Amino acid sequence: MTKLTLGAALALTCLSMPMLAQADETLDVVAQFEIQAPEPSTSGYIFTRMGVAETLVNAQSDGTLTPGLATSWEVSEDGLTWAFALRDGVLFHDGTDMTADTVVNALEIARAKPGPLQTLPITGIAASEGTVTVTLSEPLAALPAFLAEFRSQILSPASFAPDGTGVKIVGTGPYRITAMEPPLSLDASAFADYWGAAPHIADVSYTGVSRVETRALMAESGEAEFVFGLDPASVSRLNMLDTVEVLSVAIPRTLLIKVNAGHPFLNERDARRALSLAIDRTGIAKAVLRYPEGAGQLFPPSVAGWHDDTLAPLGHDVETAKTLLRNLGWAAGSDGILRRDGARFELTLTTYPDRPELPLVAAVLEQQFRAIGVDLAINTTNSSEIPAGHQNGALELGLIARNFSLIPDPIGTVLSDYVGNGDWGAMNWQDEGFTALVRGLARGEGGDAERAQAAGILQAELPIIPIAWYQQTLAVSDKVTGATIDPFERSFGLQTMRWAE
């Protein structure tokens with residue numbers, strides 16, 4: 001056997017030092033989202049994306065449902081009873097076992113709070129040995145998809161106060177939280193007793209940074225290795241760097257205007273059509289967003305079964321928009337803004353800077369609406385003002401970005417937004433035919449023809465006005481490999497990333 005000299009041994013030790021040092025480094029994640037509290041109903045999407053919390057059901061990038069903390073599920077013939085077989089040997093981060101009772105506890109707490117589970121026809125959730133059974137008052141074919149949504153995450157009973165309020169996040173994921181300081185940061189380390197494959201990077205952190213310029217600078221300087229949510233200008237600049245890779249993918253999210261259809265200026269369909277016709281979607285997509293095209297309908301091509309290629313696309317026609325408004329009794333005043341019955345056609349568009357493209361688009365909409373005689377005031381504020389304005393009736397228009405697959409089966413979001421009172425969806429608008437179609441689809445009745453019919457009603461009625469289909473972008477340092485974008489925005493994919501060699 002060859003013996004190493006002291007010098008050779010020292011040389012080998014020095015060669016190995018960079019890898020050892022790198023293994024101790026922390027992967028820094030930066031995004032625009034604040035951690036409101038250790039509460040899954042408000043900030044749960046951060047905990048699932050960071051790999052701290054998990055759900056019974058997972059979803060692949062094409063929307064196919066896969067096992068999570070449940071290994072399988074089956075439904076009774078009448079569609080009213082679902083049984084979810086739980087994975088054996090799963091531990092919470094506090095070392096306690098995940099049991100059927102703890103799963104039922106987490107789901108019942110989630111069901112008592114605002115969110116998708118609260119609106120479902122669930123009559124009971126029961127535990128038996130290794131199985132959780134959910135009973136319904138009417139069939140719900142998409143129930144497993146609802147259990148993949150972040151607010152359905154399974155946390156230890158120690159995560160909650162006696163009244164169900166979240167007090168800490170004790171999950172089952174590959175990472176466990178070691179420190180958290182709402183609203184801006186958390187630290188996490190690999191959980192040694194994780195039931196699945198161990199993450200390649202041991203330590204990760206999350207920081208909420210609202211200003212997109214700051215996030216981009218953190219990517220450029222190497223202060224953060226994974227930077228989420230970039231504006232077009234930052235993407236152009238970062239694309240010129242050798243040390244950063246910009247990833248982009250089409251996702252099932254649409255930039256749209258949420259309309260208060262009960263507003264006296266907006267309660268007529270032709271008024272909403274006029275606003276839609278005023279929008280130059282192609283110009284906004286290419287000049288402002290740097291996307292290849294605008295949205296010709298609500299559902300992007302990535303929303304399988306709901307996007308309808310035969311649907312006539314939404315157009316841009318200023319003269320037709322003016323004619324529609326004139327036929328509704330509006331006439332231009334001396335300042336060019338329309339008036340009717342002594343009222344001036346002025347509206348407030350509320351949006352938020354968390355997604356940096358929204359204020360940019362709002363500024364363009366102000367000009368395009370003025371071209372048809374509508375005076376638009378822009379209110380850029382916290383995103384929470386959108387649902388608050390929905391609930392108290394004060395919202396007039398809201399510029400938002402809506403993901404139709406946070407529940408991996410889009411029926412979940414459609415049901416909430418356009419049949420229920422989902423505060424990111426339709427406001428003061430209901431259609432009996434649409435409701436019947438969607439409820440039938442939720443029960444598992446009907447198929448593509450019924451989905452196309454429902455999409456056509458939304459296109460005709462315009463309770464919301466689509467503008468552009470989303471491209472999600474993020475910047476990744478060359479210090480790491482294996483980064484991907486989850487089109488369903490359920491995970492940052494940290495557990496599969498590695499330090500570059």
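In this predicted model, the largest cavity encloses about 60 Å³ of space, and the count of cavities of 30 Å³ or more comes to three. The lining of the largest cavity is made up of Arg49, Phe226, Phe228, Gln472, Leu474, Thr484, Ile485, Asp486, Glu489, Ser491 and Phe492. Strand S11 (226-228) and strand S19 (464-477) each contribute at least two residues to this lining. When the lining residues of the largest cavity are sorted by class, five are nonpolar, three are polar and three are charged.

One residue of this lining, Glu489, also stands out for its backbone, since glutamate 489 has a positive phi of about 55 degrees although it is not a glycine. Glutamate 489 is placed in the loop between strand S20 (480-481) and strand S21 (498-499). With a relative accessible area of 6%, which is under the 20% limit, glutamate 489 is therefore classed as buried. A positive phi is also found at asparagine 428, where the angle is about 60 degrees although this residue, too, is not a glycine. Asparagine 428 belongs to the loop between helix H12 (411-418) and helix H13 (432-442), and its relative accessible area of 55%, which is over the 50% limit, means that asparagine 428 counts as exposed. A further backbone feature is the cis peptide bond that joins proline 182 and proline 183, with omega at about 10 degrees; proline 183 lies in the loop between strand S8 (175-181) and strand S9 (185-190).

Open space was examined as well as enclosed space. The second largest pocket has a volume of about 760 Å³. It is lined by 36 residues, of which Asn58, Ala59, Arg490, Ser491 and Gln495 are the closest to its centre. Ser491 is thus named both in the lining of this second largest pocket and in the lining of the largest cavity. Helix H2 and strand S2 (57-59) each supply at least two residues of the pocket lining, and H2 gives the most to it, with three residues. By class, the lining of the second largest pocket consists of 16 nonpolar, 14 polar and six charged residues.

The aromatic side chains were then considered in pairs. A pair of aromatic rings is described by the distance of the centres and the angle of the planes. The count of aromatic pairs comes to 17. In one of these pairs, the ring centres of phenylalanine 33 and tyrosine 45 are 5.4 Å apart and the ring planes stand at 85 degrees, so that the pair is edge-to-face, a class that requires an angle over 60 degrees. This pair links distant parts of the chain, as phenylalanine 33 is in the loop between strand S1 (26-31) and helix H2 (40-49), whereas tyrosine 45 is in helix H2, 12 residues apart. Phenylalanine 33 has a relative accessibility of 9% and counts as buried, and tyrosine 45, at 18%, likewise counts as buried.

A second example is provided by phenylalanine 265 and tryptophan 330, whose ring centres are 5.0 Å apart and whose planes are at 90 degrees, so this pair is also edge-to-face. Here, too, distant parts of the chain are linked: phenylalanine 265 lies in the loop between strand S12 (244-259) and helix H7 (269-277), and tryptophan 330 lies in the loop between helix H9 (318-327) and strand S13 (331-332), 65 residues apart. Both phenylalanine 265 and tryptophan 330 are buried. Beyond single pairs, ring pairs link Phe33, Tyr45, Phe150, Phe226, Phe228 and Phe492 into a cluster, and among the members of this cluster, Phe226, Phe228 and Phe492 also line the largest cavity.

The pairing of strands was examined in two regions. Three strands form an open sheet in the order S13-S14-S15, with antiparallel pairing, and its edge strands are S13 and strand S15 (343-344), each of which pairs on one side only. Strand S14 (residues 338-340) and S15 are joined in the antiparallel sense over two bridges, and arginine 339 has arginine 344, in S15, as its bridge partner. In the other region, strand S16 (residues 346-351) and strand S17 (residues 375-380) run parallel and are joined by six bridges, with threonine 380 in S17 as the bridge partner of threonine 351. Between these two strands the chain crosses from S16 through helix H10 (residues 357-370) to S17, in a β-α-β crossover that is right-handed.

Conventions: Residues numbered from 1 in each chain as written. Predicted model: local features only at pLDDT ≥ 70, side-chain atom pairs only at ≥ 80, totals over all residues. Heavy atoms only, no water. Phe/Tyr/Trp six-rings, centres within 6.5 Å; stacked < 30°, edge-to-face > 60°. Helix = DSSP H or I, 4+ residues; strand = E, 2+ residues; numbered from the N terminus. Buried < 20%, exposed > 50% of the residue type's maximum accessible area, 1.4 Å probe, protein only. Pairing = 2+ DSSP bridges. Right-handed = clockwise from strand over helix to strand, strands pointing away. 1 Å grid on protein atoms, 1.4 Å probe; cavity = no way out; pocket = protein on both sides within 12 Å on 5 of 7 lines; lining within 4 Å. Points joined across faces, edges and corners; volume = space filled by probe spheres on them. Nonpolar A, V, L, I, M, F, W, Y, C, P; charged D, E, K, R; others polar.
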